[in-house]
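Subject: Structure handover

Hello,

Here is the structure you are taking over. My notes on it follow below.

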Amino acid sequence: MTDVSGIPDGNDVRIRDALVAGSEEALAEVYDTHGPIVYGMALQVTRDRGAAEDVVQEVFVDLWQRPERFDPHRAPLRHWLCMIARRRGIDWIRRRR
């Protein structure tokens, strides 16, 4: 978690650097660590298990394709992933209307 002083979590910095370098192991680590909370957020927003699974997939594909979008100096990885999941869930709801 990010320190109150604004210093990023060293693990988040390490993960981001590894993702930017194309490390599949780093992506697997992020998924194993944060996948359940991202799924929970997506399910809370969509109230649909299938949609939540799709949202999780979109979130992690986006992280894999554009890891430089995550800035550990602005937010912890967990919070950033949940924010993206929430936005994707809202987009899913809007598409259904």
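To begin with one residue: does R47 count as buried or exposed? The model is predicted, and in it R47 has a relative accessibility of 70%. Exposed means over 50%, so R47 counts as exposed. The residue sits in the loop that joins α2 and α3. Its phi is positive, at about 60°, although R47 is not a glycine.

G35 is a residue of helix α2. With 6% relative accessibility it falls under the 20% limit for buried residues, so G35 counts as buried. Leaving aside residues up to four places away in sequence, G35 touches V30 and F60. Between G35 and Q57 there are 9.4 Å from C-alpha to C-alpha, and the two are 22 residues apart in sequence.

Next, helix α1. This helix covers residues 10-20, and its buried residues are D12, I15, A18 and L19. Viewed down the axis of α1, these buried residues fall within an arc of 130°, so they line one face of the helix. What do the buried residues of α1 pack against? Their partners are three helices: α2 (24-46), α3 (49-65) and α4 (77-96).

Both ends of α1 have something to note. At the N-terminal end, D9 acts as a cap, with a side-chain oxygen 2.6 Å from the backbone nitrogen of N11. After α1 comes G22, which has a positive phi near 90°.

Last, the largest pocket. It holds about 240 Å³ of space. Its lining is made of 14 residues, and those closest to the pocket centre are D12, T33, H34, L77 and R78. D12 is also one of the buried residues of α1.

Which helix gives the most to the lining of the largest pocket? That is α2, with five residues. At least two residues of the lining come from each of α1, α2 and α4. Sorted by class, the lining has six nonpolar residues, four polar ones and four charged ones.

In short, the points to look up in the viewer are the exposed loop residue R47, the buried G35 in α2, the buried face of α1 and the largest pocket with its 14 lining residues.

Regards

Note on methods:
Residues are numbered from 1 along each chain as its sequence is written. This is a predicted model: local features need pLDDT of at least 70, side-chain atom pairs count only at pLDDT 80 or more; totals for chains, interfaces and linings use all residues. Side-chain values use heavy atoms; hydrogens and water are left out. Buried means under 20% relative accessible area, exposed over 50%, partly exposed in between (1.4 Å probe, protein chains only). Helices (H or I, at least four residues) and strands (E, at least two) are DSSP runs, numbered from the N terminus. The arc is that of the directions from the helix axis to the C-beta atoms. Contact means heavy atoms within 4.5 Å. A polar contact is a pair of N or O atoms within 3.5 Å; within protein, one must be able to donate a hydrogen and the other to accept it, and residues adjacent in sequence count only if both atoms are side-chain atoms. On a 1 Å grid over the protein atoms alone, a cavity is a set of points where a 1.4 Å probe fits but cannot get out, and a pocket is an open set with protein on both sides within 12 Å along at least five of seven lines; lining residues have an atom within 4 Å of a point. Grid points are joined across faces, edges and corners, and a volume is the space filled by probe spheres set on the points. Ala, Val, Leu, Ile, Met, Phe, Trp, Tyr, Cys and Pro count as nonpolar, Asp, Glu, Lys and Arg as charged, and the others, Gly among them, as polar.
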